[in-house]
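Here's a quick tour of one fold, starting from the inside and working out to the sheet. Have the viewer open as you read.

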Amino acid sequence: FRCSFLSKPTDNTPLILDARYVEAVQYNLIVGKNTMVDNHRTSNRSIDQQQALVSMYWDYQNIPNAKQANNLLLFAASLGYVVTRKVYDNWQQRNKVSQKITLVKDGWECVNVPQQIPDAVDFSLFFDCSGEAAISLYPHTFIIVSGDGNGEILIPKLQNKGKKVIILARPGNENKNLERLADEFYFLDELLKSIEAYKLAA
């Protein structure tokens, strides 16, 4: 199974976008990208149409690229109603100030994680993600922007709760087991190039 506006043949040809991409963005992202919606307060319209909820959790230490923040949200918006947009790093570092400003403007919630213990970002992301999955009552897709090997632990936990898991990773920086475990797996560069190409052609 592939996401609603992407098709990826098995012969490594480029991803293809279709017109549903525009419809998803018009309905979801333009409604108000800075509005955080509680899972249990989703509109009757979304539930009645069985539109999946979508949550995106981004390990910024693993994939630091604020310029693509909006494209990531466009991807999430194509899959359903986006209820969570969280990006994790030690945002108190001086070199992260401008990047944090960009992310907040694009509608992301920047979760500050002081680096007091190894893998602190992973632990914080996994805790929040698992907690949301545990209380979500509706069809729910979780997008994890990270190729970190600790995802091997998180993916089965989400799937055991009946949630769909999509992994976005960087080529050469991904744990090889993530593609096998996730419901869908994409290399981030390939996905973002497809989104940019479609926006130019639209």
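Helix H5 (residues 120-135) gives the largest share of the lining of the largest cavity, with three residues. Keep in mind that this is a predicted model. The cavity itself holds about 60 Å³ of space, and the structure has one cavity of 30 Å³ or more. If you want to pick out the wall, click on Asp-59, Asp-122, Leu-125, Phe-126, Ile-144, Ser-146, Asp-148, Gly-151, Ile-167 and Leu-178, which line the cavity. What sort of residues make up that lining? Five are nonpolar, two are polar and three are charged.

Now for the sheet. Six strands make an open sheet, running S5-S4-S3-S6-S7-S8 with parallel pairing. At the edges sit strand S5 (109-112) and strand S8 (184-187), each paired on one side only. From one strand to the next, the twist averages 20°.

Over at the S8 edge, strand S7 (residues 164-169) runs parallel to S8, and four bridges join the two. One spot to look at is Ile-166, whose bridge partner in S8 is Glu-184.

Helix H3 (residues 69-77) packs on this sheet, and its direction makes about 150° with that of S3. Here are the strands H3 touches, leaving out S7 and S8, whose ranges you've already seen:

| Strand touched by H3 | Residues |
|---|---|
| S3 | residues 53-59 |
| S4 | residues 81-89 |
| S6 | residues 140-145 |

Terms used:
Residues numbered from 1 in each chain as written. Predicted model: local features only at pLDDT ≥ 70, side-chain atom pairs only at ≥ 80, totals over all residues. Heavy atoms only, no water. 1 Å grid on protein atoms, 1.4 Å probe; cavity = no way out; pocket = protein on both sides within 12 Å on 5 of 7 lines; lining within 4 Å. Points joined across faces, edges and corners; volume = space filled by probe spheres on them. Nonpolar A, V, L, I, M, F, W, Y, C, P; charged D, E, K, R; others polar. Pairing = 2+ DSSP bridges. Axes fitted to C-alpha atoms, helices over the stretch in contact; angles between N-to-C directions. Contact = heavy atoms within 4.5 Å.
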